[in-house]
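Here are some questions and answers for a reader meeting this structure for the first time. Please look at the sequence and the model before reading on.

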Amino acid sequence: MTSIDILDELRGGLIVSCQAYPGEAMRDPRTMAQVAQAAVVGGAAGIRVQGLDDIRAVAGMTVPVIGLWKDGDADVFITPTLEHAKAVADAGADIVAIDGTRRHRPDGKSLGETVAALREHTDALIMADCGSLDDALAAERAGVDILGTTLSGYTAERPKTEGPDLELISLLTARCSTPIMAEGRIHSPAQAAAAAAAGAFAVCVGTAITHPATITSWFVAALTEES
């Protein structure tokens with residue numbers, strides 16, 4: 001599948017992020033692969049997974065796979081170094097998601113250096129998980145293929161909104177020519193539609209679809225408020 005084919009597959013679609021945290025019951029690559037398969041049956045245009053074993057477990061699916069590797073406890077932990085990014089590509093990801101902020105990276109490389117070296121290593125597309133307009137502009141200059149709003153509200157540059165950062169999506173749409181993937185705190189179909197209306201090329205939803213513990217807690221909290 002070429003880069004144009006991958007982007008065409010994702011255009012206007014829903015990407016489902018299938019991730020479980022360490023120590024949770026669903027933290028198993030086979031389980032995440034089954035969740036991913038169920039999402040595809042439901043119409044997902046793409047899948048986003050974390051960790052090399054999970055990427056390998058879903059590689060070869062009928063939809064594009066966005067892979068990342070969360071590692072470390074520093075501010076930059078989403079595919080934080082070039083070596084992490086190469087490993088994600090080698091595990092079978094069609095798209096490598098990396099930290100797309102302007103913060104210091106653990107290996108000392110700039111985002112531009114990371115993107116350039118990754119291009120030499122793989123034909124996989126590159127998605128920059130950004131936290132602000134300035135991040136996105138810098139990532140676009142670095143030559144990434146997709147800009148994500150994933151880190152909006154998790155860096156010091158923008159407040160954490162209750163739902164998706166629709167303002168940032170609109171800003172990126174107006175200022176950037178690179179496709180924008182809305183991601184982060186999209187908890188309902190209405191919010192997903194609002195993100196698309198704000199200009200997102202595609203919408204990525206994780207917790208609200210694939211994290212039962214959090215979904216259950218929302219219902220429990222609602223019932224507690226009523227009692």
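Q: Which residues have the most contacts inside the largest nonpolar core?
A: A nonpolar core is a set of buried Ala, Val, Leu, Ile, Met, Phe, Trp, Tyr and Cys residues joined through side-chain atoms within 4.5 Å. Buried means under 20% relative accessible area, exposed over 50%, and partly exposed in between (1.4 Å probe, protein chains only). The largest such core has 43 residues. Those with the most contacts inside this core are Cys18, Ile47, Val96 and Leu147.

Q: Which residues does valine 96 touch, and which residues does a second, separate core include?
A: Contact means heavy atoms within 4.5 Å. Not counting residues up to four places away in sequence, valine 96 touches Gly67, Thr79, Ala85, Val88, Ala89, Leu118, Ala124, Leu125, Ile126 and Met127. A second, separate core of 17 residues includes Leu7, Met127, Leu151 and Cys204.

Q: What kind of model is this, and how are its residues numbered?
A: This is a predicted model, in which local features need pLDDT of at least 70, side-chain atom pairs count only at pLDDT 80 or more, and totals for chains, interfaces and linings use all residues. Side-chain values use heavy atoms, with hydrogens and water left out, and residues are numbered from 1 along each chain as its sequence is written.

Q: How many salt bridges are there, and which residues are linked in a network?
A: A salt bridge is a side-chain nitrogen of Lys or Arg within 4 Å of a carboxyl oxygen of Asp or Glu. By this rule the count is 13 salt bridges. The residues linked in a network of salt bridges are Arg48, Asp129 and Glu183.

Q: Is aspartate 99, which meets arginine 103 in a salt bridge, buried or exposed?
A: The side chains of arginine 103 and aspartate 99 form a salt bridge, at 2.9 Å from N to O. Arginine 103 has 23% relative accessibility and so counts as partly exposed. Aspartate 99 has a relative accessible area of 1%, which means that this residue is buried.

Q: How many residues apart are aspartate 145 and arginine 119?
A: The side chains of aspartate 145 and arginine 119 meet in a salt bridge of 3.0 Å, N to O. This pair links distant parts of the chain, with aspartate 145 in the loop between helix 6 (133-142) and strand 6 (146-148), and arginine 119 in helix 5 (residues 111-121). Helices (H or I, at least four residues) and strands (E, at least two) are DSSP runs, numbered from the N terminus. In sequence the two residues are 26 residues apart.

Q: Which residues are buried in helix 1 (residues 3-10), and within what arc do they fall?
A: In helix 1, the buried residues are Ile6, Leu7 and Leu10. The arc is that of the directions from the helix axis to the C-beta atoms. Seen down the axis of helix 1, its buried residues line one face of the helix, because they fall within an arc of 95°.

Q: At what angle do the axes of helix 4 (residues 82-90) and helix 5 cross?
A: Leu82, Ala85, Lys86 and Asp90 in helix 4 meet Thr114, Ala117, Leu118 and His121 in helix 5. Axes are lines fitted to C-alpha atoms, for helices over the stretch in contact, and angles run from 0 to 180 degrees between N-to-C directions. The two axes come within 10 Å and cross at roughly 30°.

Q: What covers the buried residues of helix 6?
A: Helix 6 is mostly covered, as seven of its ten residues are buried. Among them are Leu133, Asp135 and Leu137. The cover includes helix 5, strand 5 (125-129), strand 6 and helix 7 (166-175).

Q: What is the phi of threonine 79?
A: Most residues other than glycine have a negative phi. Threonine 79 is in the loop between strand 3 (65-68) and helix 4, and at 0% relative accessibility counts as buried. Its phi is positive although threonine 79 is not glycine, and lies near 40°.

Q: How far apart in space are alanine 202 and isoleucine 180?
A: Alanine 202 is found in strand 8 (residues 202-205) and is buried, at 2% relative accessibility. Beyond its neighbours within four places in sequence, alanine 202 has contacts that include Leu10, Gly13 and Ile180. Alanine 202 and isoleucine 180 are 22 residues apart in sequence, and their C-alpha to C-alpha distance is 6.9 Å.
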